[in-house]
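Subject: Structure handover

Hello,

Here is the structure you asked about, followed by notes on what turned up in it. Please look it over before reading on.

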Amino acid sequence: MILLPCPYCGLRNASEFRYVGELSERPDPNATGIEDWRAFLYMRDNPAGWTTETWFHRAGCRRHFVVERHTVTNEVRDSRLPAAQLRDREDERATGGNVADDRGGATY
Ligand SMILES: [Zn+2]
């Protein structure tokens with residue numbers, strides 16, 4: 001059984017999640033040629049080792065999060081919120097939002 005750490009719900013069976021894909025940053029569509037855009041859409045590294053990927057907790061909180069996982073051993077060394085959500089939380093902190101002690105993820 002493979003366990004994945006959701007930053008919202010904690011450790012859960014991998015059957016509760018849907019694999020979304022390797023984490024990749026979307027290029028600027030106004031400054032990207034068709035070959036680079038095609039590479040962003042279709043090309044993946046698919047390493048036999050550590051990779052950073054996005055998962056969706058479909059049978060739990062129904063949120064996306066980022067996992068660093070070893071593709072051979074399925075060892076997980078980090079689980080965190082996506083960068084966009086981390087930025088939103090930093091904005092909440094700047095405006096006095098109640099997110100004290102929330103570092104935006106968990107390390108396992
Ligand atoms: Zn969850």
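Please keep in mind that this is a predicted model.

Overall layout

The protein chain has 108 residues, of which 9% count as buried. Its secondary structure consists of 2 helices and 7 strands, and their order along the sequence is β-β-β-α-β-β-β-α-β. If we take the contacts between residues at least 6 apart in sequence, 52% join residues at least 24 apart.

The N-terminal hairpin

β1 and β2 make a hairpin, with 3 residues between the two strands. The strands run antiparallel and are joined by 4 bridges. Within this pairing, Leu3 of the first strand stands opposite Asn13 in β2. The two faces of β1 can be told apart: Leu4 and Cys6 are on the covered face, while Leu3 and Pro5 are on the uncovered one.

Ile2 belongs to the segment before β1, which spans residues 3–6. Ile2 counts as exposed because it has 10 C-beta neighbours inside 10 Å, and the cut-off for that class is 12 or fewer. Once residues up to four places away in sequence are set aside, Ile2 touches Ala14 and Asn74. The C-alpha atoms of Ile2 and Glu75 are 8.9 Å apart, although 73 residues separate the two along the chain.

Gly10 lies in β2, which covers residues 10–13. With 13 C-beta neighbours inside 10 Å, Gly10 is classed as partly exposed. Ser79 is 69 residues away from Gly10 in sequence, and the C-alpha to C-alpha distance between them is 9.7 Å.

Val20 in β3

Val20 is part of strand β3, residues 18–22. Val20 has 13 C-beta neighbours inside 10 Å and is therefore partly exposed; a buried residue would need 20 or more. Which residues does Val20 contact, leaving aside its neighbours within four places in sequence? They are Thr54, Trp55, Phe56 and His64. For one of these, Phe56, there is also a C-alpha distance to Val20: 6.7 Å, across 36 residues of chain. As for where these partners sit, β4 runs over 50–56 and β5 over 64–70.

Two positive phi values

Most residues other than glycine have a negative phi. Two asparagines in this model do not follow that pattern, and you may want to look at both.

Asn46 has a positive phi of about 50° and is not a glycine. Asn46 sits in the loop between α1 (34–42) and β4 (50–56). Its surroundings hold 8 C-beta neighbours inside 10 Å, so Asn46 counts as exposed.

Asn74 also has a positive phi, near 60°. Its place is in the loop between β5 (64–70) and β6 (76–80). Asn74 counts as exposed because 11 C-beta neighbours lie inside 10 Å. Asn74 is one of the residues that Ile2 touches, with residues up to four places away in sequence not counted. The loop between β5 and β6 thus connects back to the start of the chain through this contact, because Asn74 has its place in that loop and Ile2 lies in the segment before β1.

Regards

Terms used
Residues numbered from 1 in each chain as written. Predicted model: local features only at pLDDT ≥ 70, side-chain atom pairs only at ≥ 80, totals over all residues. Contact = placed C-beta atoms within 7 Å. Pairing = 2+ DSSP bridges.
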